[in-house]
Structure formats: structure tokens, C-alpha cells
Amino acid sequence: MLSLAASSQQHTLAQMFAADAKRASTMTMQANVGAQSLLVDVSKQNISSEILSALLDVVREAGVEQRRDAMFSGAIVNNTEQQPALHVALRSKAASDVSAAVASERKKMTEFANGVRNGTICGATGKTFTHVVNVGIGGSDLGPRLVWEALSPVVKADLQCRFVSNIDPLGVQQALQGLDAERTLVVMCSKTFSTSETLANSRAIAAWLESALGADAVAQHCAVVAVDAQKARAQNISFAHSFAMWQWVGGRYSVSSAVNLCNVVAFRPEVHDQMLDGMRAIDEHFVSAPLQQNIPMVLGAIGVWNRSVLGRATHALISYSDALASFAPYVQQLEMESNGKRVRTDGTPVSVETAPVIWGGVGTNSQHAYMQLLHQGTSVIPVDFIGFAKVLEQGSEEHDALIANMLAQSQALAFGRTADGAGDALSDHRAMPGNRPSTTIIASQLSAATLGALIALYEHSTFVQGCIWDINSFDQWGVEHGKQLAATVAADIAEGTASASHDSSTKSLLDWYLKHR
Ligand code: F6P
């Protein structure tokens with residue numbers, strides 16, 4: 001793979017497009033998502049057709065197809081936790097060892113959601129629920145939050161969702177602002193049910209319910225989503241409803257599980273099913289499409305090319321749709337917690353750079369914030385532009401302008417602008433180097449199905465990259481130590497003194513905090 005680096009710099013994008021009139025068509029892939037579709041154009045990436053072919057050889061040599069099949073079959077692919085990674089089973093129609101449990105939980109979720117929506121499941125005072133507050137963090141927040149924000153503009157919601165994730169009291173205060181406790185359902189989402197933020201926030205909201213409705217009423221307003229709901233009971237959390245998730249679904253891969261319960265209730269179960277249908281369409285594409293036309297395989301290979309060969313340290317996701325404002329944060333956890341690793345599956349150090357820093361936001365706001373650096377800065381930053389041909393039923397000049405800007409940004413990055421002629425005092429300042437890479441992903445319409453397809457696309461692209469790097473994309477040992485240190489610091493704060501065992505920086509910061517809080 002590294003030997004390819006030499007050939008990578010030979011031609012610019014302008015030269016490659018000039019030399020091959022078919023470049024755009026040969027480097028554009030399509031996937032059908034039910035009656036809708038997804039178009040992915042990688043022709044503005046810094047790769048020649050020879051390099052793309054060589055990258056797909058790397059995919060073959062890394063055994064990515066075999067590892068994919070192993071993951072889909074339920075084999076132990078998370079070797080450090082000895083677990084499968086079977087998030088695809090949550091939307092598969094194939095029979096498997098887990099399909100009965102998955103189907104049973106989906107049926108239970110559907111019945112619960114319909115009960116809440118028709119009022120047969122209601123609050124302690126007999127009133128129907130109007131709001132659902134999802135309490136969770138990481139994958140227990142980012143997934144449901146993304147779904148809620150992405151679909152609210154285009155799917156009718158009969159209840160309103162709110163989200164509490166951080167341990168900051170402002171979060172609970174904001175989420176409960178103006179809510180009627182009698183009409184509020186709380187979903188406490190935590191795979192492990194040992195996450196301190198979610199426990200603290202669950203207790204705070206339970207206390208709010210108790211103060212309004214009395215202790216005996218709290219359980220009727222609470223649902224728990226966890227691997228073991230008894231852990232919630234052991235934490236003195238009252239709940240009348242519980243839904244299972246499983247050890248073999250990673251938190252950052254869990255949006256197709258009961259973690260999405262708030263949206264199943266708010267939008268209706270059929271919308272959740274449509275999202276799963278879209279995810280399954282990409283799963284089937286990932287399993288069956290030939291490598292050259294296999295979108296997750298190509299996106300993953302290009303991700304490794306940009307990161308490990310061209311040394312591009314960050315990767316921007318810019319969605320030209322306000323509906324996807326939470327997409328970059330979602331993929332941030334998905335990719336950085338999956339592939340932010342420095343050792344291989346066997347524990348030996350990796351020999352190349354792994355996961356890039358994922359960041360991004362929404363266009364055209366990006367053009368008034370950070371696109372200057374991407375066009376004329378010293379760093380080359382690959383961009384994924386994401387948009388929809390149709391969002392609202394009625395097209396509009398504004399939507400046309402949104403997409404025009406997205407396509408223009410990709411064009412400007414790729415082809416730049418030469419200095420405006422010699423002698424112009426500003427020509428050097430105005431020159432744009434171009435030859436800067438981007439991928440453009442356009443879905444035919446914003447819908448539950450295409451949202452599911454986009455999510456599955458990045459789930460599998462993340463997996464492909466992890467396979468090429470031979471790292472375990474499904475554990476996250478790096479997040480444990482900080483939590484343990486936080487407990488020690490918190491104990492000092494509770495004591496009111498900074499123990500001498502801390503380093504001098506932490507100790508002086510603690511002293512200052514204790515003095516000023
Ligand atoms: O960040 C660590 C992590 O374990 C994530 O992988 C997970 O999504 C998040 O914390 C929340 O975990 P839980 O759902 O168990 O509360």
C-alpha cells in the first residue's frame with residue numbers, strides 16, 4: 001500500500017479529468033434503497049483508476065470480504081471482549097441464532113409504542129404522553145438524537161422528543177423546560193447501565209417526576225433500555241417498562257435497536273421499520289456488490305488511502321441539509337471510537353496512521369466558517385459532501401441553491417483557481433491550489449430509509465477501514481481510564497481538598513476550582 005504513494009502524486013485532479021472523459025461515470029456508484037437511491041461520486045478523490053484498483057487489491061489481501069462475512073455470520077470479531085458484532089442482525093430478515101430474540105424485542109417495542117400513541121399506556125394520572133425524554137450518552141444518545149433531528153422535518157411526530165446526555169445540570173434543565181410531568185415519558189438508555197452520566201441524569205429526572213407526581217408514580221413514566229434491566233433496579237431506578245439490547249451490539253452501532261425507542265414512539269413503529277429497511281438495503285449491497293461498485297468497500301479503501309498513505313489527519317463531513325446537523329457528531333463517535341486505535345487485533349503496534357479526526361457540520365454555513373482553510377490552507381482535508389435531491393415535497397429555489405453550493409464547493413476544491421493573471425497585486429492571495437479531494441453522496445430523498453442507508457454506509461466503511469488496519473473496531477478500552485481518574489478527582493472535590501497524590505497541574509487546578517466554585 002505504501003508503495004502506491006509514489007504514484008499518488010503524479011497527476012492532479014484537473015489532469016486526470018482532462019485525460020479521461022469517463023472518469024466521473026466510472027468512479028460513481030449507486031445503491032438502490034427501496035424505491036429511493038443513493039449516488040456516491042468518488043471521482044474527485046486523489047486517486048487514479050490504477051490506484052483505486054490497487055486499493056481494492058489491498059482490500060482483498062486484507063481479507064475484508066471474509067471478515068465481513070464472518071461479522072454477518074455472528075463470529076467473534078470483537079476479540080478483546082470475545083463478542084460478535086451483530087448490529088446487522090437487528091435489521092436482517094434472515095433466520096439466525098438471534099433472529100427470534102430480535103423479532104420478539106421489536107414486537108414488544110411496537111406494542112409499547114402503539115400503546116403510548118393510542119393512550120392505553122399513559123401516565124400515572126391517566127393522561128396520555130406528549131413528550132419523550134431520552135436519557136443516554138454516546139451511542140445511547142447520538143443515534144436517537146440524529147434520527148429525531150433528521151426525520152422531524154419530513155415525518156409527522158405525534159410526540160416530541162428531547163435529549164439529555166451530558167452530566168451538566170443545564171442539560172436536564174433545558175430538556176425539562178416547560179414539560180408537564182403528567183405527560184412525560186422518560187427512556188433511560190444505557191447498554192451497561194453503569195454509565196455515571198446516565199445514572200445521574202436518570203436520578204435527577206426521576207426526582208423531578210417524584211416531586212410532581214409522588215414516588216409511586218415514577219415507574220409508570222419510565223422505560224429502561226439495557227442489556228440487563230435489573231442493573232437499573234439495583235441502582236434504585238424505578239421503571240415499569242424495559243427493553244433489551246445485547247452485548248453483541250456495540251453502543252455506537254445500536255441505533256437499529258431499542259435504543260431508538262423514543263423515535264419509535266414519537267414517529268410510529270413503521271418509521272423505525274423503514275429505517276431498518278434502508279439499513280438492510282446497504283447491508284445487502286455490502287455483501288453482494290462487486291468490489292469496484294461496492295460503496296462501503298470503496299469508501300473504506302479511500303479512507304485508508306487518505307489517512308495512511310497521503311497522511312491526511314482529518315476528514316470532514318459536511319451535510320448540505322439542516323436535517324443532518326447531528327450526522328458529523330454521530331460519525332465522529334462511530335469512526336473515532338471504532339478506529340482510534342494504535343494496536344492491531346494481536347496487540348502489536350500498528351505501522352501506519354489509523355482513524356482520522358472526524359469533524360464537520362452543515363453547508364452552506366461551512367462556507368462562512370471554515371471552508372477558507374479547506375480551499376487555501378496548508379492542510380489538505382478530504383471532505384464528504386452529503387445532500388438530498390428532495391427534502392420537502394415541494395422543491396424550492398432555496399433547496400436548489402443549497403445543492404448548487406454543495407456541488408460548487410466540491411468543484412472549487414478539486415480544480416481551484418489559478419492566479420488572475422500576472423501583475424494583479426492580489427493574484428497570489430486569490431489563487432486556490434485545487435487538487436483537494438472530496439466525495440459527494442446524494443440520496444434521492446430525505447426519508448427514514450435513506451437515513452438508515454447513510455448510517456449503514458458509514459458503519460460498514462468504518463468496518464472496512466478497521467479490517468485493512470487489522471484493528472478491533474468494536475472495543476473501546478481507551479475510555480475507561482479517564483472515568484476512573486474522574487472518580488478520584490470527584491472524591492477530592494467532595495472532600496473539599498486536592499490530595500497531594502495528584503500531579504502539580506491537577507492539584508493547582510483543583511485548588512483553584514475549590515476556591516471559586
Ligand atoms: O464512550 C464509551 C461508551 O461505552 C460508548 O461506547 C457508549 O456508546 C457510551 O459509553 C454509553 O454507554 P452505555 O450505553 O453503556 O451507557
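**A walk through the predicted fold**

Asn 435 sits in the loop between α17 (427-430) and β11, where helices (H or I, at least four residues) and strands (E, at least two) are DSSP runs numbered from the N terminus. The model is predicted, so that local features need pLDDT of at least 70 and side-chain atom pairs count only at pLDDT 80 or more, while totals for chains, interfaces and linings use all residues. Residues are numbered from 1 along each chain as its sequence is written, and side-chain values use heavy atoms, with hydrogens and water left out. The phi of Asn 435 is near 60°, a positive value in a residue other than glycine, and Asn 435 is partly exposed, with a relative accessible area of 25%; here buried means under 20% relative accessible area, exposed means over 50%, and partly exposed lies in between (1.4 Å probe, protein chains only).

The loop that holds Asn 435 lies between α17 and β11, and strand β11, which spans residues 438-445, contains Thr 439. Thr 439 is buried, with a relative accessible area of 2%, and, leaving out residues up to four places away in sequence, Thr 439 touches Val 40, Asp 41, Val 42, Gln 45, Leu 299, Val 383, Asp 384 and Phe 385, where contact means heavy atoms within 4.5 Å. Thr 440, also placed in strand β11, counts as buried at 9% relative accessibility. Beyond residues up to four places away in sequence, Thr 440 touches Leu 39, Val 40, Asp 41 and Phe 385, together with Met 406, Leu 407 and Ser 410.

Met 406 and Ser 410 lead to helix α16, in which both are buried, along with His 399, Leu 402, Ile 403, Gln 409, Leu 413 and Ala 414. These buried residues lie on the same side of α16, because they cover an arc of only 135° around the axis, the arc being that of the directions from the helix axis to the C-beta atoms. On the other side of α16, Glu 397, Glu 398 and Asp 400 are exposed. The cover over the buried residues of α16 includes α2 (13-19), α15 (371-376), β10 (383-390) and β11. Helix α16 has 19 residues (397-415) and reaches 26 Å from its first C-alpha to its last, close to the 27 Å expected at 1.5 Å a residue; the expected span is 1.5 Å times one less than the number of residues in the helix. Just after α16, Gly 416 takes a positive phi of about 60°.

The backbone has further points that merit a look. Gln 82, placed in the loop between α5 (64-73) and α6 (99-118), has a positive phi of about 50° although it is not a glycine, and Gln 82 is exposed, with a relative accessible area of 52%. A cis peptide bond, with omega of about 15°, joins Gly 363 and Thr 364, and Thr 364 lies in the loop between β9 (357-362) and α15. Strand β9 itself holds Ile 358, which is buried, with a relative accessible area of 0%. Not counting residues up to four places away in sequence, Ile 358 touches His 315, Leu 317, Ala 328, Val 331, Gln 332, Glu 335 and Met 336.

A loop can also hold a buried residue, as Leu 159 shows: Leu 159 lies in the loop between α7 (139-151) and β4 (160-164), and Leu 159 is buried, with a relative accessible area of 3%. Leaving aside neighbours within four places in sequence, Leu 159 is in contact with Val 116, Arg 117, Phe 129, Thr 130, His 131, Val 132, Trp 148, Val 265 and Ala 266. Of these contacts, Val 116 is 43 residues apart from Leu 159 in sequence and 9.5 Å apart in space, C-alpha to C-alpha.

The last stop is the ligand. Of the 13 residues around the ligand, Ser 140, Ser 190, Thr 192, Thr 195 and Glu 337 come nearest, a residue being near a molecule or strand if one of its heavy atoms lies within 4 Å of it. An oxygen atom of the ligand lies 2.6 Å from an N or O atom in the side chain of Ser 190, and an oxygen atom of the ligand is 2.5 Å from an N or O atom in the side chain of Thr 195. Lys 191 places a backbone N or O atom 2.8 Å from an oxygen atom of the ligand. The protein covers 88% of the 390 Å² of accessible area that the ligand has on its own, with areas taken from the Shrake-Rupley method with a 1.4 Å probe.

Conventions. A polar contact is a pair of N or O atoms within 3.5 Å; within protein, one must be able to donate a hydrogen and the other to accept it, and residues adjacent in sequence count only if both atoms are side-chain atoms.
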